[in-house]
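Reader: I keep meeting labels in structure descriptions. Could you show me how each one is earned?

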Amino acid sequence: MAALAEPVEPAAGLPEYRPARGFRQRWYRTPSFVAGLIIIGALVLMAVFAPIVATHSPTDQDLKNILKGPSSEHWLGTDQLGRDLWSRIVYAGRTDLKIGFLAVILPFCIGTVLGCLAGYYGRITDTIVLYFVNVVVAFPFLILITAILFTLGPGQSSIYIAITLVGWVSYCRLVRAEILVAKRQEYVLAAQAAGLRDSRIIVRHILPNVITQSIVFAMSDIVLVLAAIVTLGYIGIGVQPPTPDWGNMIADGQNFLTTRWQLSTIPGLAVVVTGIGLSLLGDGLADLLRPE
Amino acid sequence: MSSAGDVILDVRDLHVEIPLSRGTVRAVDGASFSVRRGEAVGLVGESGSGKSMTLRAIMGLLPRPGHITSGEIVFDGSELTTLRASQLRDLRGKRVAMIFQEPMTALNPVMRVGDQIAEGPLAHLGYSRSKAGARALELMRLVGIPDPDRRAQAYPHELSGGMRQRVMIAIALSCEPSMILCDEPTTALDVTIQDQILKLLLSLREEFGMSVVFVTHDLAVVAQTCQSVAVMYAGQVVETGSVHDVFYQPRHPYTLGLLRSVPDFDLVRDSLDFIPGAPPDLMSPPEGCRFAARCSFAQSDCLHGPKPLVPIGDGRETACIHPDRCAEAVREEPVIAGG
């Protein structure tokens, strides 16, 4: 026995064994996570430091220099009112990313809370929550948001309200389904047998076991929300001019597609790059958070 | 039966029903037994005999849609079946604790074990976080977990089965309950660990003067740990008494059958006996004695009328109306060597 207590020398010729790595050691080995992180990191930095990154004010007009091509003064050229395209892209990113992230957090919280209540208590609570879920699910996402926006009138706060009213159902259904499984686990019974309050059982015992799915979904949900915001801007009921937004920039630029294709194409590209970045980040996060 | 004063738990004529679409399962159908203060009682029976359901009914944690339809559960002077949910919750963990069969699934996989042990004192005793943490370490030392300050940081999957069951015991002990219900606490463990855990439970019971209810199908565990035993069959308690009396002189043919089907290295018997047939369907249990169809002593009067537990002296009870038949059989062939 004494010999066994000694540290074992690695035997020659045997493959080396290393225990599995934890999250901290693994994240940089997940290519999609790293790629997504770089893209989104760069975009977020651009949005945060927009006043430094932009070369001009996004709203200052210069009617003597309209629809100009790229130059050292205007890197991407100017639009039909002589505004600097690069600066507008940067500020529009700031607006869209801000709305995108905020418009995901609120539905995430509301959906998670309602999903917990419905899944854990079941019965009448579940019936009521599911009723509202079904009402929302019955309408297509974008049509319902458009309808709500028409009712509330356009503007940023209306966007938050509309997306929250519609978006919470996805989180609610996810969390509810996960809790239906988790609450049958014996550790939940053990927590009940220990006389813990329901709130403590849900928050401390069940939620940490089920929240991963929602976090991963939130990453892909931001893409959807961003696309919705841009679409709303495009059809004119989203972010209102003069505040730049990729959606209203695409809409404004489409009249000049033959003369200045950059005006619509570059905001469109920005949307695509952001979408790809967030998707990569979401996929990578799903890989990382999945139990091995 | 001793005086009511030192009885901590008295279950009387407990009925639990589980309504299903195919019909109503009478999972517990008239179970009666009592536990004295500081005593360990074994609740034995085969799978589906209602032992675990009885425990869950005591805790007020029956799986839906199961519910208690009639009967009394008196714990420490209070009737549990009529308590409100919040009153029951205050009782659980603080005065009655439960230990589960499978320590892997009964511990939260994403919570450090130290936090799980500290939860009871935080929730029930109003301890501060640092005091509850100190209490957790003290409990881990008490249940024989080496290196508690390091192990408290571990997650359940990082511990061995025996260590996890020790954590479960520490959780159960955390508020110093007066009774611990153990649902097959050692079934998932290998034999050497099983022995360690049972010895630990025994010593803790003596140290704290707790009452313990052991649900198990392992008669050896009961013989090793309990003073009294209640034998369950098809949702009913069919025999109660001290472990010594019941094991050496069973007075119900089902108990006799159980004891005869345990392998014995002292070679009193040539072959291992078994109980022929299968337990009755609990959706439509037979009238009369439920064991009659499998019983070699059964007579026509066994098939009719309810068969309640009847005292037969020495604090013993049996549901069999012909207990002398068992006595005769044991006289001819003792159940346990030297018995």
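Reader: Why is Glu176(B) called partly exposed?

Author: This is a predicted model, and the label rests on a count. Glu176(B) has 15 other C-beta atoms within 10 Å. Buried needs 20 or more, and exposed needs 12 or fewer. The count of 15 lies in between, so Glu176(B) is partly exposed.

Reader: Where does Glu176(B) sit?

Author: Glu176(B) is in the loop between helix H6 (161-173) and strand E7 (179-183) of chain B.

Reader: What is the phi of Glu176(B)?

Author: The phi of Glu176(B) is positive, about 50°, although Glu176(B) is not a glycine. Most residues other than glycine have a negative phi.

Reader: What about Asp76(B): which sign does its phi have?

Author: Positive. Phi of Asp76(B) is near 50°, and Asp76(B) is not glycine. Asp76(B) lies in the loop between E4 and E5 of chain B.

Reader: What makes Asp76(B) partly exposed?

Author: Asp76(B) has 16 other C-beta atoms within 10 Å. That count is over 12 and under 20, so Asp76(B) is partly exposed.

Reader: Which strands does the loop of Asp76(B) link, and how do those strands pair?

Author: The loop lies between E4 and E5 of chain B. Strand E4 (residues 67-75) and E5(B) are antiparallel, with two bridges. Two strands pair if there are at least two bridges, so E4(B) and E5(B) qualify. In one bridge, Val74(B) has Glu79(B) of E5(B) as its partner.

Reader: What makes E5 of chain B an edge strand?

Author: Strand E5 (78-79) pairs on one side only, and so does strand E2 (23-36) of chain B. The open sheet has four strands, in the order E2-E1-E4-E5 (chain B), with antiparallel pairing.

Reader: Which way do E6(B) and E7(B) run, parallel or antiparallel?

Author: E6(B) and E7(B) run parallel, joined by four bridges. Ala97(B) has Ile180(B) in E7(B) as its bridge partner.

Reader: Which way do the residues of strand E6 of chain B point?

Author: Val96(B) and Met98(B) point one way from strand E6 (residues 96-99), while Ala97(B) and Ile99(B) point the other way. All are buried. In a regular strand the side chains alternate between the two faces of the sheet.

Reader: What makes the peptide bond from Arg64(B) to Pro65(B) cis?

Author: Look at omega. For the bond from Arg64(B) to Pro65(B), omega is near 5°, and the bond is cis. Most peptide bonds are trans. Pro65(B) lies in the loop between helix H1 (51-59) and E4 of chain B.

Reader: Now chain A. Why is H6(A) called oblique to H8(A)?

Author: Helix H6 (residues 123-137) and helix H8 (residues 156-182) of chain A pack at about 125°, with axes 9 Å apart. Roughly perpendicular covers 65 to 115 degrees, and roughly antiparallel starts over 145. The angle of about 125° falls in neither range, so H6(A) is oblique to H8(A). The crossing is left-handed.

Reader: Which residues meet there?

Author: From H6(A) come Val129(A), Val133(A), Val136(A) and Val137(A). From H8(A) come Val166(A), Val169(A), Cys172(A) and Arg173(A). By class, this contact has seven nonpolar, no polar and one charged residues.

Reader: How many residues are in contact between chain A and chain B?

Author: 14 residues of chain A are in contact with 21 residues of chain B. Helix H9 (186-193) and helix H10 (198-235) of chain A each supply at least two residues of chain A's side. H9(A) gives the most, with six. By class, that side has seven nonpolar, five polar and two charged residues.

Conventions:
Residues numbered from 1 in each chain as written. Chains lettered and ligands numbered in written order. Predicted model: local features only at pLDDT ≥ 70, side-chain atom pairs only at ≥ 80, totals over all residues. Contact = placed C-beta atoms within 7 Å. Nonpolar A, V, L, I, M, F, W, Y, C, P; charged D, E, K, R; others polar. Axes fitted to C-alpha atoms, helices over the stretch in contact; angles between N-to-C directions. Parallel < 35°, antiparallel > 145°, perpendicular 65-115°, else oblique. Left-handed = near helix turned anticlockwise from the far one by under 90°.
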